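Colleague: I am new to this structure and would like a close look at one exposed spot and the parts around it. Please explain your terms as you go, then tell me about the rest of the chain.

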Amino acid sequence: RVSESYEHFVFFQIMYKPAMVRSIRFKNVTYVPMYDHVWSNRKKYWRGIGGFKIYCFSRAIHERVSRLGLTSIYGQYYPAPEAPEINYGHSKPVVYFWQRTNELTWEHVRCLFAPDDVSKVILNATTDPEHEFVRPSENDMRDYRIQVVSWFDDRNDYLEILSQADIVIAPRLREGIGFSTLGAMARGKVVAAADFPTANEYISNENGYLFDVENL
């Protein structure tokens with residue numbers, strides 16, 4: 001049992017069942033939902049947390065709950081920008097893609113570029129749990145000059161790989177915030193992403209590239 005001496009309770013990303021939360025009898029509850037967790041939730045779910053304050057990192061969720069009369073604030077996260085990394089050592093771009101799920105794999109990404117469009121492609125094969133890396137064919141490995149990497153224990157090793165890239169593919173269809181995408185943008189990379197929140201709330205075809213994953 002949680003002590004009722006607390007004055008404010010915050011649920012970040014994970015929301016327990018409203019009935020359980022209400023049983024704690026807090027009057028000051030804030031919920032911070034992540035788009036990738038709640039994008040398909042229906043009106044009944046949102047109405048069940050009426051009376052809570054909601055802080056949204058997604059404009060789509062903010063607009064949805066506001067139409068239902070819930071108390072919501074919308075804000076975006078931006079990492080501090082860094083000096084752009086401009087690669088003059090190659091005439092064609094290097095592409096970096098981290099496949100986190102099986103919703104977005106190399107089979108989708110290869111449709112965005114012809115082999116002659118890129119200098120090489122760097123693929124990160126470290127997937128989220130319960131997902132499996134889709135390894136390119138031997139022909140694609142050769143034609144796209146693909147380098148496969150895995151999890152980086154040291155962040156500096158990741159930044160070294162990222163520094164080689166000109167174009168970064170957002171790793172998932174839907175994001176809560178999308179830290180890897182925003183981190184790449186902060187370093188001056190061009191980001192290509194599926195046309196879903198939250199990526200399409202930061203990226204447009206003026207500052208990056210949005211693609212329709214169902215019509216590649």
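Modeller: Let me begin with the words for cover: a residue is buried with under 20% relative accessible area, exposed with over 50%, and partly exposed in between, using a 1.4 Å probe and protein chains only. Residues are numbered from 1 along each chain as its sequence is written, and side-chain values use heavy atoms, with hydrogens and water left out. The model is predicted, so local features need pLDDT of at least 70 and side-chain atom pairs count only at pLDDT 80 or more, while totals for chains, interfaces and linings use all residues.

The spot I have picked for you is Pro84. With a relative accessible area of 58%, Pro84 is exposed. Its place is the loop between strand E4 (71–74) and strand E5 (94–98). Helices (H or I, at least four residues) and strands (E, at least two) are DSSP runs, numbered from the N terminus.

What does Pro84 touch, once residues up to four places away in sequence are set aside? Its partners are Arg187 and Gly188, where contact means heavy atoms within 4.5 Å. Ala186 can be located from here too: 102 residues separate Pro84 and Ala186 along the chain, yet their C-alpha atoms are separated by 7.9 Å.

That brings us to helix H8 (residues 179–186), whose buried residues are Thr181, Leu182, Ala184 and Ala186. These buried residues pack against strand E8 (167–169) and strand E9 (190–194). An α-helix has 3.6 residues a turn, so residues three or four places apart point the same way. Just after H8 comes Gly188, one of the residues that Pro84 touches, and Gly188 has a positive phi of about 85°.

Farther along, in the loop between E9 and strand E10 (209–211), you will find Thr198. The peptide bond joining Pro197 and Thr198 is cis, with omega about 0°.

Two other residues have a positive phi without being glycine. For Glu130, phi is near 70°; this residue sits in the loop between strand E6 (120–124) and helix H6 (138–143) and, at 83% relative accessibility, is exposed. For Arg145, phi is about 55°. Arg145 belongs to the loop between H6 and strand E7 (146–149), and its relative accessibility of 37% makes it partly exposed.

For a contrast with Pro84, try Val65 in helix H4 (residues 59–67). Val65 is buried because its relative accessibility is 0%. Leaving out neighbours within four places in sequence, Val65 is in contact with Trp46, Ile54, Cys56, Leu70 and Ser72. By C-alpha atoms, Val65 lies 47 Å from Tyr88, although the two are 23 residues apart in sequence.

Cys56, among the contacts of Val65, is itself buried at 1% relative accessibility. Cys111, at 45%, is partly exposed. A disulfide is a covalent bond between the sulfur atoms of two cysteines. Here a disulfide is counted when a pair of cysteine sulfur atoms lies within 2.5 Å, and the count comes to zero.

Next, the strands. Two strands pair if DSSP finds at least two bridges between them. E2 (residues 29–32) runs parallel to E1, with four bridges, and Phe12 has Val32 in E2 as its bridge partner. E2 is also parallel to strand E3 (residues 53–56), over two bridges; there, Thr30 is matched with Lys53. In a regular strand the side chains alternate between the two faces of the sheet. Both faces of E2 are covered: Val29 and Tyr31 on one side, and Thr30 and Val32 on the other, are all buried.

Finally, the chain as a whole. It has eight helices and ten strands, and its C-alpha atoms fill a box of roughly 60 × 35 × 35 Å along the principal axes. Of its 216 residues, 44% are buried. Among contacts with a separation of 6 or more, 56% link residues 24 or more positions apart. The accessible surface is about 12200 Å², of which 50% belongs to carbon and sulfur atoms; accessible areas come from the Shrake-Rupley method with a 1.4 Å probe, and for residues only the protein chains shown count as cover.
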